[in-house]
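Here is a short tour for someone meeting this structure for the first time. Have a look at the sequence and the model, then read on.

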Amino acid sequence: EVQLVESGGGLVQAGGSLRLSCATSGFIFDDYAIGWFRQAPGKEREGVSCISSSDNRSYYDDSVKGRFTIFSDNAKNTVYLQMNSLKPEDTAVYYCAARSSCRSRLLVYRGQGTQVTVSS
């Protein structure tokens, strides 16, 4: 059974930090890129960051560059998103998803999400 389980969300004040985890199982981790997405109420889903397991290259949306860092622990099949200097506009449900590459728009597998709320 394929599973992607996010954790680490919560309520934090602006300027604070959170680390999200995406624990995966049931598929070959090295065959996929893992990306973080977010969706706020009334807004479309947006890609936040992505990491390619094969070459460890990472990508970031301009809105989070310099504040968020994505990294993976291949031994644990887990991808993390370290979020620093959080802003109220970062408030959203964050979820992770597996896809063939960071350039692909097709989400092959995805988790249920974790809520991140940043208060001003």
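Let's start with strand β8, whose two faces are both covered: T78, Y80 and Q82 are buried on one side, and V79, L81 and M83 are buried on the other. Keep in mind that what you're looking at is a predicted model. Strand β8 spans residues 78-83, and six of its six residues are buried, so the rest of the structure largely encloses this strand. Buried here means under 20% relative accessible area.

Who are the neighbours of β8? On one flank there's strand β3 (residues 18-25), which pairs with β8 in the antiparallel sense over six bridges. Within that pairing, C22 has V79 as its bridge partner, while L20 is matched with L81. Then there's strand β7 (residues 68-73), joined to β8 by six bridges and also running antiparallel. Here T69 finds its bridge partner in Q82. β7 and β8 make a hairpin with four residues between the strands, and N77 in that hairpin takes a positive phi near 50 degrees.

Zoom out a little and you can see the whole sheet. It's an open one of four strands, in the order β1-β3-β8-β7, with antiparallel pairing. At the edges stand β1 (3-7) and β7, each with a single partner strand, so one side of each has no neighbour in the sheet. On average, neighbouring strands of this sheet are turned by 15 degrees against each other, ignoring direction.

One more residue of β3 deserves a stop. S21 sits in that strand, and its relative accessibility is 17%, so S21 counts as buried. S21 and K87 are 66 residues apart in sequence, and their C-alpha atoms are 19 Å apart in space.

Now for another set of strands, the one around β5. This strand is mostly covered, with five of its seven residues buried. Strand β4 (residues 33-39) pairs with β5 in the antiparallel sense over six bridges, and one of the matches puts W36 opposite S49 as its bridge partner. These two strands form a hairpin with six residues between them, where G42 in the turn has a positive phi of about 80 degrees. β5 also has three bridges to strand β6 (residues 58-60), and the two run antiparallel. In that pairing, I51 has S58 as its bridge partner. The hairpin of β5 and β6 has five residues between the strands, and N56 takes a positive phi near 60 degrees there.

What about G47? You'll find it in strand β5. At 36% relative accessibility, G47 counts as partly exposed. G47 and Y109 are 62 residues apart in sequence, with 15 Å between their C-alpha atoms.

Next up are the disulfides. How many disulfides does a search of the whole structure find? It finds two. A disulfide is a covalent bond between the sulfur atoms of two cysteines. Here's the pair of them side by side:

| Disulfide | S to S distance | Torsion about the S-S bond |
|---|---|---|
| C22 and C96 | 2.1 Å | 75 degrees |
| C50 and C102 | 2.0 Å | about -85 degrees |

The link of C22 and C96 is right-handed. It ties together distant parts of the chain, with C22 in strand β3 and C96 in strand β9 (residues 92-99), 74 residues apart. C22 and C96 are both buried.

As for C50 and C102, the torsion about their S-S bond is about -85 degrees, so this disulfide is left-handed. This pair links distant parts of the chain as well: C50 is in strand β5 (residues 46-52), while C102 is in the loop between β9 and β10 (109-110), 52 residues away. C50 and C102 are buried too. Number the bonded cysteines of the protein chain in sequence order, and the pairing reads 1-3, 2-4.

Last stop: the largest pocket, which holds about 170 Å³ of space. Which residues line the largest pocket? They are F37, R45, E46, G47, R99, C102, R103, R105 and L107. Sorted by class, the lining has three nonpolar, one polar and five charged residues. Two of these names have come up before: G47 belongs to strand β5, and C102 is joined to C50 by a disulfide.

Technical notes:
Residues are numbered from 1 along each chain as its sequence is written. This is a predicted model: local features need pLDDT of at least 70, side-chain atom pairs count only at pLDDT 80 or more; totals for chains, interfaces and linings use all residues. Side-chain values use heavy atoms; hydrogens and water are left out. On a 1 Å grid over the protein atoms alone, a cavity is a set of points where a 1.4 Å probe fits but cannot get out, and a pocket is an open set with protein on both sides within 12 Å along at least five of seven lines; lining residues have an atom within 4 Å of a point. Grid points are joined across faces, edges and corners, and a volume is the space filled by probe spheres set on the points. Ala, Val, Leu, Ile, Met, Phe, Trp, Tyr, Cys and Pro count as nonpolar, Asp, Glu, Lys and Arg as charged, and the others, Gly among them, as polar. Buried means under 20% relative accessible area, exposed over 50%, partly exposed in between (1.4 Å probe, protein chains only). Two strands pair if DSSP finds at least two bridges between them. Axes are lines fitted to C-alpha atoms, for helices over the stretch in contact, and angles run from 0 to 180 degrees between N-to-C directions. A disulfide is a pair of cysteine sulfur atoms within 2.5 Å.
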